[in-house]
Amino acid sequence: MKKETEARVIVFTSEAEMPMMPASVASTLYNKTGSWRYMRPLYKNQTPPCNAACPAGEDIVMHLQLTAQGRYAEAWETLVRENPFPGVCGRVCPHPCESECNREYLGGAIAIHCQERFLADYAAAHHLSLPTTNVPQREEQIAVIGAGPAGLSCAYHLRRMGYQVTVFEAGEKPGGMMRLIPEYRLPKEVLEREIAAIIALGVEVKTGMRLGVDLALKDLQGYAAVFLAIGQSVSRRLDVPGEDAVGVLHGIDFLARVERGQKVDLGKKVAVIGGGNTAMDAARTARRLGADVTILYRRSRAEMPAIDEEVHETLDEGVKIEFLRAPVAVLTANGRVRGLRLTRIELGAPDASGRRRPVPVAGSEYELEFDTVIPALGQVADLTFLSAEVQTERGRIITDEKTATTRLPIFAGGDAATGFGTVTAAVGSGKRAALAIDSFLRGVERPFPDLAQNVQVAPRPHDPNVVRFEDLNTAYFEEIPRPPQDQRPAAQRVTTFQEVNLGYGEDVALAEARRCFSCGTCNECDNCLIFCPDVAVLRGPSDDEPFVFNYDYCKGCGICVSECPRRAILFAEEIKFNDQ
Amino acid sequence: MREPKTYARNYEIPEEELTYSGSVSCPGCGATLAMRYALKALGSNTITVIPACCWSIIAGPFPYSSLTVPIFHTAFETAGAVSSGISAALDVLGKKDITVMAWAGDGGTFDIGLQALSGAVERNEDFIYVCYDNEAYMNTGIQRSSATPWMAWTTTTPVEHPKEEPKKDIVAIMAAHRIPYAATATIAYPEDMIAKFRKAKGIRGSKFIHVLSPCPPGWKSEASDSIKLTRLAVQSKVFPLYEIEHGDKVTINVWPKDGGVPVKEYLRLQGRFRHLSEEAIAAIQAEVDRNWERLVVRAQRVMGNE
């Protein structure tokens, strides 16, 4: 019998029409068993936890899946559609995505930052240029103040939407705080390349233009919108006697001088005060300049805000960390630093940040000798030039979830507004501003989630529900360990500014991408198709719709739902579809 | 039609579908899925023989069929005899490239059809006999068969008097006939199942394949759990996947991962075992472990000789 593709109903009107013996003459396709169904399976991608956690709103699962197929250029394009700094972020981001990764329970989280870096390095090696958008040019001029990650991300996304963008930067070169990240973590070449790619799209960058000095807010009235991304450039002070002595050098000032190639005389013994990434950067840089470095931190290891790997690398390089110590005075001789008076600290009740509050132990003070003291206690924004119309609160510019300040069309983002303090968060903030400015100028409504969540330029259709480990069908996953990343040995590192982490090669990156569960995201494993008893799952018409249900026959058994390894199929009550 | 992507695929399985949608099997029916795999493996040059069983109904009411290949509906006890006859007729006609597959339930195999089956395989007739085993007479209302497991509920073995006899070891009975090929298979392992059907197709003589097929109404299990249940049946060693060639050479095809899972995980998903006491579960576990060890010893003897 030839295979039938359409339902045929057979009606015998006389005995003569019937076959000689009871043999079938048509298929069961006449019987639409879909009417039995009270639960309906639906292909609906869910939110992977990594994507939900990425401050820059990258579609991590999608670029991993493209990498898994060896489609590196497309993977990179997926990445830069949301974030123009994959080379930077792949190296310096604290990767909150990996903390949420469901692979953690079966061999360790996917090394997402290494994958991101691999794609950026691949694009550089193959001279890939940023994909251009085919949108009409718009006449509106937009001013972006500050060429840090937030400002450049905003400029990039606005330019891709067709706007004319001018970025005003106070420093000599664009890059902002990214420029102060030491060479051994982020080679300048990587930063320069990614900035140059943005400029190549037609973004104008004017350096040496400090807002409040070289230019005032009222000079920007010709612009259709202004985005303030001025960052936090003023170092927090120690607030102890002697802090203005020669030999006290704030962390970012020290790093800036090294970056500019200026000679810095540190002497022999250096104290770095603080427990964040700037403290680690300053300590490791001082170590490379030949100093004997001690980090003094007022809380314990658990409270340190620096990235865990950074702390390990710092210790490996022979930097000492003394916990529960705080300076009470900088000791001076002839106006020069000669040491520190320190007090021991106990941890009290948790404070507003949720960390335990440091309390000095009475009578525990002692003195240590140092030639240089580098405080790295974080920075605050310089907001003195702002007019009263742009309101601030506790050192930050007030914005709503659309990055709008109290004075439209002025928008603000990055550290000066959010205080999130990472490159990746700033990239996300700049993108949010670009989308908000576009909505504002075109008068269109667009949903903006809370500032703690991310935004995407090109979101795939997906359900907001985040996939957790217990949602997965782990029968289809083996436990496979996460491959380590090659590192330069510590003894070699302290003599040079060459990059510490060496990244993944292609073989490792490919294998690592294949280890991804692809949470909530169909990757055509075929389980639903293969396990359907009723042949009611068919291959779909396109990559966006790899499978379709034949609801004429699907009985709603739910096997496809429970055998989907990655929760990319929902099960909904049929009654909800009755009126369709 | 789009070509399937292969980078994330879990299986290599033929694309061609030889079963139709619209059959009247219950949602989540293991036997329906088993037929789909079997025909994918054997191809369209196949004649099926179906005695009285669930599949007599699933195959469609007159004048409809849910298969693209010919079906002979026959009496309950006759699958072995009818298959022998078709095989002989094909031989007379000189048609050597057609596979004859008897497709019977556990009632038609373990109980009612055993005599005809034994006779046919003793003569080493050239056909594949498949028993899709849902462990009771499901189609007539869940009466116990000799394939029903010890202590299981059925309508004729109610919880006050659950079944007191252990499940008959049908593969051992078939192997005792020294047939060229006897194997177990199940729907959670489609590649293993398809490989076994293909292997059977390539062998002349009698082949027997025992397929564990969940029945959500009869097992009192969730329709969506049918794959999970058979996976657990294999991983808990309740239903090991193995093959026996010429009655002697035993090969275990799927070794439980990390030493397997307790039988309790398999039993607790099925309402027919809900009444089991901890002692009964422990007794089942002990029996399963004993059978598994015996199987491993037989398989290792083969491995040692090779």
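Colleague: In S2(B), which residue is the bridge partner of Ser27(A)?

Modeller: That's Ser65(B). Keep in mind that we're looking at a predicted model.

Colleague: And how do the two strands around that bridge run, parallel or antiparallel?

Modeller: S1(A) pairs with strand S2 of chain B, residues 64–65, in the parallel sense, and the pairing has two bridges.

Colleague: OK, zooming out. How many residues does each chain bring to the contact?

Modeller: People often give the size of an interface as the accessible area lost when the parts come together. Here we can count residues instead: 42 come from chain A and 39 from chain B. On chain A's side, the elements giving two or more residues are strand S1 (26–27), helix H15 (527–531), strand S20 (537–542) and helix H16 (559–563). H16(A) gives the most, with four residues. Sort chain A's side by class and you get 22 nonpolar, twelve polar and eight charged residues.

Colleague: Now the helices. How do I read the packing of H7(A) and H12(A)?

Modeller: For two packed helices, you describe the angle between their axes and the distance between the axes. In chain A, helix H7 (residues 149–160) and helix H12 (residues 423–442) have axes that come within 7 Å and cross at roughly 40°. The two are therefore oblique to each other. As for handedness, the crossing of H7(A) and H12(A) is right-handed.

Colleague: Which residues meet there?

Modeller: Among them are Gly151(A), Leu152(A) and His157(A) in H7(A), and Ala426(A), Gly430(A) and Ile437(A) in H12(A). By class, the residues of this helix contact split into eleven nonpolar, five polar and one charged.

Definitions and conventions. Residues numbered from 1 in each chain as written. Chains lettered and ligands numbered in written order. Predicted model: local features only at pLDDT ≥ 70, side-chain atom pairs only at ≥ 80, totals over all residues. Contact = placed C-beta atoms within 7 Å. Nonpolar A, V, L, I, M, F, W, Y, C, P; charged D, E, K, R; others polar. Pairing = 2+ DSSP bridges. Axes fitted to C-alpha atoms, helices over the stretch in contact; angles between N-to-C directions. Parallel < 35°, antiparallel > 145°, perpendicular 65-115°, else oblique. Left-handed = near helix turned anticlockwise from the far one by under 90°.
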